[in-house]
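Me: I should like to learn how to read a protein structure feature by feature. May we go through one together?

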Amino acid sequence: MLDNEAKIIGDFLAMTTLVNSHSVEEKPAPPALPEGRGEIIKLPEPELLPDVNVNFLELVEIRSTVRQYQNTPLTQKDLSYLLWCTQGVKAQDADGRTKRTVPSAGGTHTFTTFLYIQNVDGLKAGLYRFLAAEHALLFIDDSAAVAEHFLAGFKNKNMIKGSAVTFVWATEAAKMRARFGMRGYRYVLIDAGHVCQNLYLAGFAVGIGVCAVGAFDDEKLSAALGLPNDIDCFVAYAATVGKM
């Protein structure tokens, strides 16, 4: 664990010698991660979700971190709503670029949302990937092995076990670097904050608690998700959710 952390810290320290450069050399973005194969499950369409009336100032004031959750399942509408608020695609250009419900430097949107689902009505427990453009879930695996490997990636295993869903945001940082050079790594981390804050606010608006998670083993979690865990593709952030 220490060797792995030292390597990652070393990689990012090396980047800081370059990220202060504002020069932009736009290059062709690398290909996206393969979508994989599995059952595709359409989620309730965002425009069919019920309106949520909130007092925004009150929402900002009451927002807090919730680490323990009721054993009440989320509905598929709940999950659809949370995914729409964090990575929902509002429009797509002819060149494939998307406009989403969160900001991203240069409209790059490098994140893919993985979900470890444990307590959602009508969905079997297991690992899924959110297909943002289709607003659908791609089922990946429900084996005991993938559950074990996923859990092993986190330091606070009890919080993961007690959540209805764990969100994991993996970034194809190479796409950001292709647009902004090495400074793009800063933008990836800023973008991660935008996404998770939307999850907090959206969750609290409908009685769903959220806890951001940054304490994880990069190699183990990336391996559980089938990611290379290099400077081009890695897990940036995670969060647990559940009914309050």
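The dialogue below takes up the nonpolar cores, the salt bridges and a hairpin in turn.

Reply: Please bear in mind throughout that this is a predicted model.

Me: Let us begin with the interior. Which residues of the largest nonpolar core touch the most other members?

Reply: A nonpolar core is a set of buried nonpolar residues joined through side-chain atoms. Here the largest one has 43 residues, and L137, V165 and F167 touch the most other members. Helix α7 (residues 184-205) supplies the largest share of this core, with 8 residues.

Me: Is there a second core, separate from that one, and what does it include?

Reply: A separate core of 26 residues is also present; among its members are F114, L127, M159 and C233.

Me: Returning to V165, with which residues is it in contact, leaving aside neighbours within four places in sequence?

Reply: The contacts of V165 are L74, L79, L115, Y116, I117, V120, A239, T240 and V241.

Me: I turn now to charged residues. How many salt bridges does a search of the whole structure find?

Reply: Side chains of opposite charge can pair when their charged atoms come close. In this structure the search finds 5 salt bridges. One of them joins K243 and D78, whose closest N and O atoms are 3.2 Å apart. This pair links distant parts of the chain: K243 lies in strand β9 (residues 234-243) and D78 in helix α3 (residues 76-87), 165 residues apart.

Me: Is K243 buried or exposed? And what of D78?

Reply: The cut-off for a buried residue is under 20% relative accessible area. K243 is buried because its value is 17%, and D78 is buried because its value is 13%.

Me: Which residue meets E45 in a salt bridge?

Reply: The partner of E45 is K42, at 3.7 Å from N to O. Residues between the buried limit of 20% and the exposed limit of 50% count as partly exposed. E45 therefore falls in that class at 29%, and K42 does so at 47%.

Me: Which residue forms a salt bridge with E172?

Reply: The side chain of E172 meets that of K175, at 3.5 Å from N to O. Both E172 and K175 are buried.

Me: Finally, in which sense do strands β2 and β3 pair?

Reply: Strand β2 (residues 89-92) and strand β3 (residues 98-100) pair in the antiparallel sense over 3 bridges. Within the pairing, A91 stands opposite K99 of β3. The hairpin has 5 residues between the strands, and G96 takes a positive phi near 95°.

Definitions and conventions
Residues numbered from 1 in each chain as written. Predicted model: local features only at pLDDT ≥ 70, side-chain atom pairs only at ≥ 80, totals over all residues. Heavy atoms only, no water. Core = buried A, V, L, I, M, F, W, Y, C linked by side-chain atoms within 4.5 Å. Buried < 20%, exposed > 50% of the residue type's maximum accessible area, 1.4 Å probe, protein only. Helix = DSSP H or I, 4+ residues; strand = E, 2+ residues; numbered from the N terminus. Contact = heavy atoms within 4.5 Å. Salt bridge = Lys/Arg side-chain N within 4 Å of Asp/Glu carboxyl O. Pairing = 2+ DSSP bridges.
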